[in-house]
Amino acid sequence: MLSVNHLLGIKYLKKDDIDLILKTADTFLDVINRPIKKVPSLRDTTIVNLFFENSTRTRLSFELAEKRLSADVLNFTASSSSVSKGETLIDTVNNILAMKVDMVVMRHPMPGAAHFLSQRVKSKIVNAGDGAHEHPTQALLDAFSIRRKLGEVAGKKVLIVGDILHSRVALSNIFCLQKLGAEVMVCGPPTLIPKYLHTLGVKVEYDLKKALLWCDVANMLRIQLERQDIKYFPSLREYTHLYGLNKDILDSLEKPIVIMHPGPINRGVEITSEVADSEHAIILDQVENGVAVRMAVLYLLANRPDVV
Ligand code: CP
């Protein structure tokens, strides 16, 4: 059983929780690859997906995970709701819960929004990304994908490249990979790497080639222009020149590495199409694995005793 009532961030999980989620996801990956991709596990559970920020992968992946578990599913988009008439987050959620909804999956632009909600409403909360804070299910599916590709996560050298400063994926990955025994390095322009990062036990490298020579796995992040209030580098062209992953630099390593990306990809900026679509990339495996990992999270949380 999980040690938590909510999935708010990897920071709050024990290693045993992560191991249990990944082991359960193995079973669900088998399920979603069968001709009948559905199990009745959450037949009596109703889940609402509350998205206050855009999403393709996470939103569809949660919805599919819920349907594969036979849950009843409600989808909520902030722009077409009464939030635009001034309703608060807590009132919105309490009104939804009054319709006998059991669990809330929420993406919100404010860091800490899922934690805030978990302390104020009677429901299990799953954080589907809160601003630049955490994206726990992305980190879990990334760890699951590394484990399936390389056999285990412990002892592996994982590089995270790009806009670390604005990335919830980076922070959740750092917590998750370290708990599972991997070494983590970040690489990017100095302006996009927070000064405190070395205090998390993470290596920092500003030279992409050196970083790639060190790693077994490179996770290429998108530049989050929507979260940048000032310019952190002269131009996208310069960023791509220094930190973009292309076939020439990959070939120059003379060793195979696994390429990951959480999506959405900006082709030709942080990664070329040739690399993104190559046999080294497991980007679509990450997406497939995401459904199984989210099934595991929902299944395990639903089987926790009720929230008090
Ligand atoms: N990886 C990820 O969170 O993608 P979306 O923003 O499309 O959900």
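1. In this predicted model, strands β1 (residues 46–51) and β2 (residues 72–77) pair in the parallel sense, and the pairing runs over six bridges. One position to look for when tracing the two strands is T46, which stands opposite D72 in β2.

2. Are the residues of strand β1 mostly covered or not? Six of its six residues are buried, and they divide into two sets by the way they point: T46, V48 and L50 go one way from the strand, while I47, N49 and F51 go the other way. This fits a general pattern, since in a regular strand the side chains alternate between the two faces of the sheet.

3. Helix α2 holds a charged residue that deserves a careful look, namely E66. Because its relative accessibility is 0%, E66 counts as buried, the limit for that word being under 20% relative accessible area. Leaving aside residues up to four places away in sequence, E66 touches I47, N49, A71, V73, V105 and L298; of these contacts, I47 and N49 belong to the set of β1 residues that point the same way from the strand. A short separation along the chain should not be confused with a short distance in space, for E66 and S79 are 13 residues apart in sequence and yet 23 Å apart from C-alpha to C-alpha.

4. Two residues other than glycine have a positive phi, and both can be found in loops. The loop between α2 and β2 contains S70, whose phi is near 70°. The loop between α9 (247–252) and β9 contains E254, whose phi is near 55°. With a relative accessible area of 76%, E254 is exposed, because that word applies over 50%.

5. The domain assignment divides the protein chain into domain 1 (10–134 + 287–301) and domain 2 (136–282), so the student should note that domain 1 is written as two stretches of the chain. The C-alpha centres of the two domains lie 25 Å apart, and the contact between them takes 29 residues from domain 1 and 24 residues from domain 2.

6. Where does the largest pocket lie with respect to the two domains? Domain 1 and domain 2 both give residues to its lining, and therefore the pocket lies between them. Its volume is about 410 Å³, and its lining is made up of 20 residues, with R107, R168, R222, G263 and P264 lying nearest the centre. By class, the lining has four nonpolar, nine polar and seven charged residues. Helices α2 (57–68) and α6 (168–179) each supply at least two residues of this lining.

7. Two of the residues nearest the centre of that pocket, G263 and P264, are also joined by a cis peptide bond, with an omega of about -5°. P264 is found in the loop between β9 (258–260) and α10 (273–276).

8. Helix α7 (residues 208–214) contains L212, which counts as buried because its relative accessibility is 0%. Which residues does L212 touch, not counting those up to four places away in sequence? They are L159, A218, L245, I249, L253, K255 and I257. The chain also brings I160 into this picture, for the C-alpha atoms of L212 and I160 are separated by 9.9 Å, although the two residues are 52 residues apart along the chain.

How values were computed: Residues numbered from 1 in each chain as written. Predicted model: local features only at pLDDT ≥ 70, side-chain atom pairs only at ≥ 80, totals over all residues. Heavy atoms only, no water. 1 Å grid on protein atoms, 1.4 Å probe; cavity = no way out; pocket = protein on both sides within 12 Å on 5 of 7 lines; lining within 4 Å. Points joined across faces, edges and corners; volume = space filled by probe spheres on them. Helix = DSSP H or I, 4+ residues; strand = E, 2+ residues; numbered from the N terminus. Buried < 20%, exposed > 50% of the residue type's maximum accessible area, 1.4 Å probe, protein only. Contact = heavy atoms within 4.5 Å. Pairing = 2+ DSSP bridges.
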